[in-house]
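Please open the model in your viewer and switch to a cartoon view, with side chains shown on request. The tour below goes from one selection to the next.

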Amino acid sequence: MYSAAALATLSLFAAVRGQQVGTSQTETHPKMSWKQCTGSGSCTSQSGSITIDSNWRWTHVTGGYTNCYTGNTWNTTICPDGATCAKNCAIDGADYSSTYGITAGSDALTLKFVTKGSYSTNIGSRTYLMASSGDKYQMFNLVGKEFTFDADVSQLPCGLNGALYFVEMSADGGLSKFSTNKAGAKYGTGYCDAQCPHDIKWINGEANADSWSPSQNDQNAGSGKYGSCCAEMDIWEANSVSTAYTPHPCSSTGQTRCSGLDCGDDPDNTHPTARYEGLCDKDGCDFNSYRMGVTNFYGKGMTIDTSSKFTVVTQFIGSGSGLTEIKRFYVQGGKTVANSQSTVSGVTGNSITDAFCDAQKTAFGDTNSFKTKGGLGGIGAAMARGMVLVMSLWDDHSVNMLWLDSAYPTDVDATKPGVSRGTCATGSGKPTDVESASASAQVIYSNIRFGDINSTFTAS
Ligand SMILES: *[C@@H]1O[C@H](CO)[C@@H](O)[C@H](O)[C@H]1NC(C)=O
Ligand SMILES: *[C@@H]1O[C@H](CO)[C@@H](O)[C@H](O)[C@H]1NC(C)=O
């Protein structure tokens with residue numbers, strides 16, 4: 001993703017259990033099956049389940065009910081530093097449907113945007129697919145394979161992002177690597193992505209409580225001294241107006257805690273190129289059909305009609321750890337539709353290759369950090385090590401999702417190549433607006449299939 005993921009709410013009353021495990025609420029992962037396919041399309045059902053990220057969970061004093069974290073602040077008595085906090089606090093189980101608006105039914109997952117619970121209002125969510133054992137994430141190596149799912153984004157307006165993507169988290173959420181992490185993947189620990197987000201409450205078995213600064217415009221989020229970096233393959237970042245798929249390599253391997261310039265940020269506005277000096281490629285190399293010149297391809301009533309469900313096929317061409325191309329097809333109403341071709345001057349093709357990325361960065365005048373952080377080779381290497389499937393719904397407290405669905409940056413002529421990404425107004429997508437006007441928004445991901453190239457869908 002382009003900007004840091006938005007966070008969810010915790011209750012006023014909420015006590016959060018840090019890195020210990022809380023027992024107030026039994027953790028019962030919603031079940032969600034998916035299919036593994038081979039050869040000419042023979043698929044077998046796999047049992048899986050969903051866990052919600054630890055950031056969203058109640059964190060309270062171990063064995064008690066006092067919140068360790070409330071709203072967007074840590075209790076500094078209980079959490080004077082990250083290690084002490086992890087000793088004192090526990091992360092609890094989740095009531096998926098009533099607190100977080102998450103429901104799974106056989107092979108479908110529905111994420112609701114705003115959920116008013118008894119003690120809290122929850123905004124969005126981030127979930128991970130678990131392996132059948134229920135205590136490890138399902139790991140995927142996408143190189144030479146195809147990943148397919150059905151998307152229903154019909155109820156996602158400007159400013160929201162229903163995202164399905166892969167990140168290089170540890171299979172056990174860091175449980176074995178960090179002895180102070182007692183919760184692990186079952187409780188959704190170990191998140192990382194290519195933005196090296198600082199809003200992660202638990203990193204490397206410690207609370208990210210040091211130098212925690214509450215967000216100015218998000219009553220549920222803040223940012224700590226540390227970020228959590230790793231390679232990210234965004235298969236799907238979308239609403240009903242725009243979509244993009246985007247690889248983001250990192251020069252580091254696996255989930256990596258960062259501080260300072262390694263995180264690639266510039267909190268004091270003193271280092272303008274900081275974004276490109278961190279471990280990860282924050283911009284990525286995106287394919288957004290609208291941004292690539294075809295403005296009638298994706299949207300309500302368009303070639304890919306977002307007013308109803310459709311199938312999204314992504315093929316990762318290559319072998320070993322050598323990824324060479326990322327292709328996209330859609331299937332809707334029984335017809336297969338290839339991704340739109342670029343009509344941007346100087347950029348050809350309808351798939352992501354290193355050559356496409358070089359040409360696109362040149363045409364748009366963008367810094368090519370995709371290349372310097374490893375390009376497709378870097379993402380292929382991360383895939384070969386194994387990545388975790390994330391399904392989320394979020395709004396954007398830093399730039400209102402304009403990078404996905406509007407003109408961005410907003411201070412540049414919108415007719416300059418690469419600036420316009422969708423038809424949403426530059427004033428759209430403000431969290432205060434969408435959280436009130438579109439509280440009932442939701443996304444549905446269903447019928448996940450993974451396997452050999454051309455095995456997960458029937459071309460027609
Ligand atoms: C912080 O924790 C201490 C120790 O448990 C408690 O006495 C205090 O009330 C808490 N503060 C807040 C604001 O909850
Ligand atoms: C997949 O199908 C396409 C279109 O029919 C074909 O061009 C391609 O070679 C196939 N790939 C594999 C690996 O079978």
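Begin by selecting Arg126 and Ser392: in this predicted model, Arg126 stands opposite Ser392, which belongs to strand β30. Arg126 brings you to strand β13 (residues 125-130), which pairs with β30 in the antiparallel sense over four bridges.

Now select the whole of β30, residues 387-395, and colour it by accessibility; nine of its nine residues are buried. Two further strands can be added to this view. Strand β14 (residues 139-140) runs antiparallel to β30 and is joined to it by two bridges, with Met139 having Val388 as its bridge partner. Strand β16 (residues 160-167) is also antiparallel to β30, and here eight bridges join the two; to find the register, select Gly162 and look for its partner, Leu393.

Next, move to strand β31, residues 442-452, which is mostly covered, with nine of its 11 residues buried. Strand β15 (residues 145-152) is antiparallel to β31 and connected to it by seven bridges, and Lys145 has Asp452 as its bridge partner there. Strand β10 (residues 108-112) likewise runs antiparallel to β31, through five bridges, and Lys112 can be picked out opposite Gln442. Strand β2 (residues 34-38), by contrast, runs parallel to β31 and is joined to it by three bridges.

Stay with β2 and select Cys37, which stands opposite Gly451 of β31 and also forms a disulfide with Cys43, at an S to S distance of 2.2 Å. This link is right-handed, with 105° about the S-S bond. Is each end of the link buried or exposed? Cys37 counts as buried at 1% relative accessibility, whereas Cys43 is partly exposed at 33%.

The structure holds nine disulfides, and two others are worth a selection. Cys68 and Cys89 are joined with 2.0 Å from S to S, and their link is left-handed, at -100° about the S-S bond. Because Cys68 lies in the loop between β5 (59-61) and β6 (69-70) while Cys89 lies in strand β8 (residues 89-91), the pair ties together parts that are 21 residues apart in sequence.

Finally, select Cys158 and Cys424, whose sulfurs are 2.1 Å apart in a disulfide. Cys158 sits in the loop between β15 and β16, and Cys424 in the loop between α6 (402-405) and α7 (431-437), so this pair ties together parts 266 residues apart in sequence. Cys158 is partly exposed at 23% relative accessibility, while Cys424 is buried at 6%.

Note on methods: Residues are numbered from 1 along each chain as its sequence is written. Chains are lettered from A and ligands numbered from 1 in the order in which they are written. This is a predicted model: local features need pLDDT of at least 70, side-chain atom pairs count only at pLDDT 80 or more; totals for chains, interfaces and linings use all residues. Side-chain values use heavy atoms; hydrogens and water are left out. Buried means under 20% relative accessible area, exposed over 50%, partly exposed in between (1.4 Å probe, protein chains only). Two strands pair if DSSP finds at least two bridges between them. A disulfide is a pair of cysteine sulfur atoms within 2.5 Å.
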